[in-house]
Amino acid sequence: MSNTWHRGLGAKNLAALAVEKGGEQNRPLFECDDGREFTFREFWDMAGRFAAAFAKAGAVRGDRIAAQVDKSVEALAAFWACARGGFVFLPLNTAYTPAEVSYFLNDAAPHVFLVSPAKRAELEGVARAANCLHLLTLDDRGGGTLIEQSQKLDPFEHQGTGWDDLVAILYTSGTTGRSKGAMLSHGNLASNALALVETWEFTPDDCLIHALPVYHTHGLFTATNTLLLSGGRMLFRRKFDADDVMRLLPRATCLMGVPTFYTRLLQHPALTRAATAHIRLFVSGSAPLLAETHRAFSERTGQAILERYGMTETSMNASNPYSGDRRPGSVGLPLPHISVRVADPVTHVALPVETDGMIEVSGPNVFKGYWRNPEKTAEDFTQDGWFVTGDLGRISEDGYVTISGRAKDLVITGGFNVYPKEVEELIDALPGVAESAVIGLPHGDFGEAVTVVVVPEQGAVLDEAAILAAIRPKLAGFKLPKRVFVVDALPRNAMGKVQKAELRRSYASTYQ
Ligand code: AMP
């Protein structure tokens with residue numbers, strides 16, 4: 001695997017590549033839900049002026065610029081200001097409380113902290129206590145001290161920023177323990193954007209509905225960088241709304257979403273073949289897309305959702321093909337220049353096809369390590385340099401990757417391994433079941449007990465004994481759940497991921 005292929009590109013960093021590949025500078029780039037529009041040139045100059053404002057506040061190459069702001073084109077420009085100015089962007093989820101923000105500021109030691117004006121009062125002290133003395137504000141409609149202070153400045157660009165320099169630190173969502181900052185370089189993001197432009201066949205004619213948050217890799221990098229590096233444009237929405245997206249479909253060519261987008265669209269009566277005819281590509285990722293959702297969407301629209309697999313530390317690793325078989329339940333084939341293997345979780349020796357094990361990745365997309373955490377970095381890389389994703393899965397004879405769950409969600413009961421997804425798929429297929437989540441709970445005899453939390457379909461009534469009776473003939477005894485809990489909805493985060501740690505906490509005392 002060559003990590004030097006990029007040398008042939010001639011571009012020294014992500015910003016240079018965006019200018020080179022981005023096409024016509026006066027092309028429309030963003031059309032926002034509040035009526036504002038930006039050309040590439042306007043966006044680029046704004047990013048340059050923001051970079052100048054950060055430099056004026058004393059930030060130098062490599063300094064971190066933290067931001068906890070609402071979604072806006074300006075929030076994206078703050079990242080591109082870092083790409084142009086040689087700084088390192090640190091986006092923070094808008095849901096983080098001041099106590100959580102305090103942890104990130106102390107850990108990353110940013111020079112500038114960008115906050116929404118509404119949160120300034122409560123975060124000023126937190127920033128000062130973390131020794132971050134430059135607080136700037138930015139709202140979601142083009143207002144704030146960052147705008148005021150940058151208005152009269154000339155755009156700034158750091159000339160010495162290279163392919164291997166850091167451009168962002170993204171903290172992993174960290175459902176167990178403290179979150180860790182994944183250090184991403186210009187080359188990590190640029191190589192991935194190029195791989196996606198190629199694989200998904202993006203051209204300047206493309207128009208993306210951008211309805212994802214921009215504090216997470218999916219909306220901040222995957223969606224935006226692919227469009228920036230292909231010369232296309234974006235219909236930019238501050239949040240996902242099914243009615244709004246339905247209205248935009250005839251004007252767009254692509255939607256990138258989390259699985260929840262698709263389940264919501266499926267609930268919309270206007271979703272038909274004709275309504276989606278202008279779209280050439282529906283992409284799903286960040287959480288598993290149920291095979292059932294894939295099939296239902298296909299039946300209603302005639303379009304096969306393209307599922308792909310990625311993570312904060314690596315950006316995108318694998319994707320179903322643009323032309324070719326998009327398999328429900330699989331995340332497809334490794335992207336160009338990226339290698340994916342399934343290995344023994346302990347020895348890291350590659351396993352034969354169709355065998356479940358740890359998914360490991362290598363390529364120009366793989367991050368530079370965890371910020372100020374060499375121990376954790378060493379733990380998550382193998383001796384031969386592969387990143388251990390923490391996802392379990394297998395690879396088919398013809399190279400398709402299927403994810404069977406997170407290693408930390410694996411249930412070990414009486415010494416036997418139970419892959420939650422295997423049990424979930426059986427339960428999901430039962431009549432009246434909308435979805436399910438299998439978790440392991442502390443148990444005196446077994447160590448962990450397989451337990452399932454199910455959500456009924458609208459109007460359906462589910463019964464614990466009936467569910468167990470239906471799956472008993474199909475499962476080895478040790479895989480059979482000891483209890484079934486019925487709930488209205490599973491807890492999910494903004495990216496649509498089921499929060500199994502939260503479920504484990506809620507039901508912790510079940511067998512105690
Ligand atoms: P994050 O770092 O927040 O993007 O989360 C990355 C994790 O999301 C991965 O390690 C996977 O566990 C999960 N994930 C991402 N895409 C998929 C997918 N298509 N199917 C199943 N899990 C996924």
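The lining of the second largest pocket in this predicted model comprises 15 nonpolar, five polar and seven charged residues. In total, 27 residues line the second largest pocket, and those nearest its centre are L212, P213, Y215, R238 and A494. The space within the second largest pocket amounts to about 470 Å³. Two or more lining residues are contributed by each of the elements β3 (64–68), β4 (88–91) and α10. Of the elements, helix α10 provides the largest share of this lining, namely three residues.

The second largest pocket also involves both assigned domains. The domain assignment of the protein places domain 1 at residues 39–185 and domain 2 at residues 410–506. Each of these two domains supplies at least three residues to the lining of the second largest pocket. The centres of domain 1 and domain 2, taken over C-alpha atoms, are separated by 41 Å.

Helix α10, which contributes to the pocket lining, spans residues 259–266 and lies across strands β11 (254–257) and β12 (281–284). Relative to β11, the helix runs at about 115°. Both strands belong to an open sheet of nine strands, in which the order is β2-β1-β10-β9-β11-β12-β13-β14-β15 and the pairing is mixed. The edges of the nine-stranded sheet are formed by β2 (37–39) and β15 (333–334), each of which pairs on one side only. Within this sheet, strand β1 (residues 28–32) pairs with strand β10 (residues 233–236) in the parallel sense, over three bridges. Residue F30 has M234, in β10, as its bridge partner.

A further open sheet contains four strands in the order β16-β17-β18-β19, and its pairing is antiparallel. Strands β16 (339–343) and β19 (401–406) occupy the edges of the four-stranded sheet, each pairing on one side only. From one strand to the next, the twist of the four-stranded sheet averages 50°. Strand β17 (residues 357–362) runs antiparallel to strand β18 (residues 387–395), and four bridges join the two. For E360, the bridge partner in β18 is V388.

Taken together, the elements described above connect the pocket with the sheet arrangement as follows. Helix α10 gives three residues to the lining of the second largest pocket, and the same helix lies across β11 and β12, two strands of the open nine-stranded sheet. The two open sheets are described by mixed pairing in the case of nine strands and by antiparallel pairing in the case of four strands.

Definitions and conventions:
Residues numbered from 1 in each chain as written. Predicted model: local features only at pLDDT ≥ 70, side-chain atom pairs only at ≥ 80, totals over all residues. Heavy atoms only, no water. Pairing = 2+ DSSP bridges. Contact = heavy atoms within 4.5 Å. Axes fitted to C-alpha atoms, helices over the stretch in contact; angles between N-to-C directions. Domains from an automatic or database assignment. 1 Å grid on protein atoms, 1.4 Å probe; cavity = no way out; pocket = protein on both sides within 12 Å on 5 of 7 lines; lining within 4 Å. Points joined across faces, edges and corners; volume = space filled by probe spheres on them. Nonpolar A, V, L, I, M, F, W, Y, C, P; charged D, E, K, R; others polar.
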